[in-house]
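Subject: Structure for your files

Hello,

Here is the structure I said I would pass on. My notes on it follow below.

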Amino acid sequence: MQEMPRSSDNMNKGILAAIISSMVVFLDYLTKSIIVARVSPFESIKVLPFLQIVHVENEGAAFGLFRALGNNVFIIISFVAIFVIILYLLKLGKGLEFFSLSLILGGAAGNLIGRMKVGKVIDYIDIYAGKWHWPAFNIADSALTVGIILFLCSNLKCKKNIKEN
C-alpha cells in the first residue's frame, strides 16, 4: 500500500519545481529582452563558425508552424499545458521525470510571457552548417526540448523496467 505524501513534501516539491521553472523563465526573459534591445529584426551576429545570434519574431508554434491559427490559440494551449503539468508535478516524486516536467513548465511559461506581452515569441539562437540553418530558437525552446527528451527517457526506462519484472 502506497503512503500518502505529506503536505511538507508537496510544499518542498512545489518550491523545487518553482525554482527550476523560474530560472528558465528568468534566463529566457533576460536574453529575449537583450535581443530586442540590441539586435534589429533579421540582423545576425556571428558568434562561432556554426552559431549566430539573430532576431526572429515567431508568430507560430515550433519552427513557425501553424501561424494561421493565431496567437490566442497558442495562449490557450499554453495555459492548458501549464495547468496539466502543474497537476502532474504535484503527483510525482522527485527524480528525472519531475525535473523534466519542471523544465517543460519553465519553457512553456517563458514562451507564454512573450506571446502575451508582444503577441509573438522572440527566437535568437541560429545554428547552421554552410547554408543549412536549423530554425532559430530560444532558451524556453531549449528547456522544452531537453525536458521532453528527459521525460521520454524517464518513461521509456520505467516501462522497460516494468516489462523486465
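Does Trp-134 count as buried, exposed or partly exposed? Trp-134 has a relative accessibility of 39%, so it counts as partly exposed. Please keep in mind throughout that this is a predicted model.

Overall layout

The protein chain contains 4 helices and 4 strands. Along the sequence these follow the pattern α-β-β-α-α-β-β-α. Of its 165 residues, 35% count as buried.

The sheet

The 4 strands make up an open sheet, ordered S1-S2-S3-S4, with antiparallel pairing. Its edges are strand S1 (44-48) and strand S4 (132-133), each of which pairs on one side only. As a general point, strands of a sheet pair through backbone hydrogen bonds, in either a parallel or an antiparallel way.

Strand S2 (residues 51-58) and strand S3 (residues 121-129) run antiparallel and are joined by 6 bridges. Within this pairing, Gln-52 has Asp-126 in S3 as its bridge partner, and Glu-57 stands opposite Ile-122 in S3. S3 is mostly covered, with 7 of its 9 residues buried.

On to S4: S3 is joined to it by 2 bridges, and the two strands run antiparallel. Tyr-128 is placed opposite His-133 in S4. The hairpin of S3 and S4 has 2 residues between the strands, and in it Gly-130 adopts a positive phi near 65°.

A second positive phi, in a loop

Phe-42 also deserves a look: its phi is positive, about 70°, although it is not a glycine. Phe-42 sits in the loop between H1 and S1. With a relative accessibility of 74%, Phe-42 counts as exposed, because the cut-off for exposed is over 50%.

Aromatic pairs

There are 2 aromatic pairs in the structure. In one of them, the ring centres of Tyr-88 and Phe-151 are 6.3 Å apart and the planes stand at 65°, so the pair is edge-to-face, the cut-off for that being over 60 degrees. Tyr-88 belongs to helix H2 (residues 71-91) and Phe-151 to helix H4 (residues 139-164), so this pair ties together parts that are 63 residues apart in sequence. Both rings belong to partly exposed residues: Tyr-88 has a relative accessible area of 34%, and Phe-151 has a relative accessibility of 23%.

The other pair is Trp-132 with Trp-134, whose ring centres lie 6.0 Å apart with the planes at 55°, so the pair is tilted. Trp-132 is exposed, at a relative accessible area of 51%, whereas Trp-134 is partly exposed, at 39% relative accessibility.

The nonpolar core

Which helix gives the most to the largest nonpolar core? The core has 14 residues, and those touching the most other members are Ile-82, Ile-85, Leu-89, Phe-98, Leu-101 and Leu-105. H1, H2 and helix H3 (96-118) each contribute at least two residues to this core. H3 gives the most, with 7 residues.

Phe-79 is in helix H2. At 44% relative accessibility, Phe-79 counts as partly exposed. Its C-alpha atom is separated by 8.6 Å from that of Ala-108, and the two residues are 29 residues apart along the chain.

A nonpolar patch on the surface

Which residues make the nonpolar surface patch of about 640 Å²? They are Ile-15, Ile-19, Met-23, Phe-26, Leu-27, Leu-30 and Ile-34. Of these, Phe-26 lies in helix H1 (residues 7-38). H1 is also one of the helices that supply at least two residues each to the largest nonpolar core.

Regards

Note on methods
Residues are numbered from 1 along each chain as its sequence is written. This is a predicted model: local features need pLDDT of at least 70, side-chain atom pairs count only at pLDDT 80 or more; totals for chains, interfaces and linings use all residues. Side-chain values use heavy atoms; hydrogens and water are left out. Rings of Phe, Tyr and Trp (its six-membered ring) pair if their centres lie within 6.5 Å; planes under 30 degrees apart count as stacked, over 60 as edge-to-face and the rest as tilted. Buried means under 20% relative accessible area, exposed over 50%, partly exposed in between (1.4 Å probe, protein chains only). Two strands pair if DSSP finds at least two bridges between them. Patches are made of residues with over 30% relative accessible area and no salt bridge: like charges are joined within 9 Å, nonpolar side chains (Val, Leu, Ile, Met, Phe, Trp, Tyr) within 5 Å. Accessible areas come from the Shrake-Rupley method with a 1.4 Å probe; for residues, only the protein chains shown count as cover. A salt bridge is a side-chain nitrogen of Lys or Arg within 4 Å of a carboxyl oxygen of Asp or Glu. A nonpolar core is a set of buried Ala, Val, Leu, Ile, Met, Phe, Trp, Tyr and Cys residues joined through side-chain atoms within 4.5 Å.
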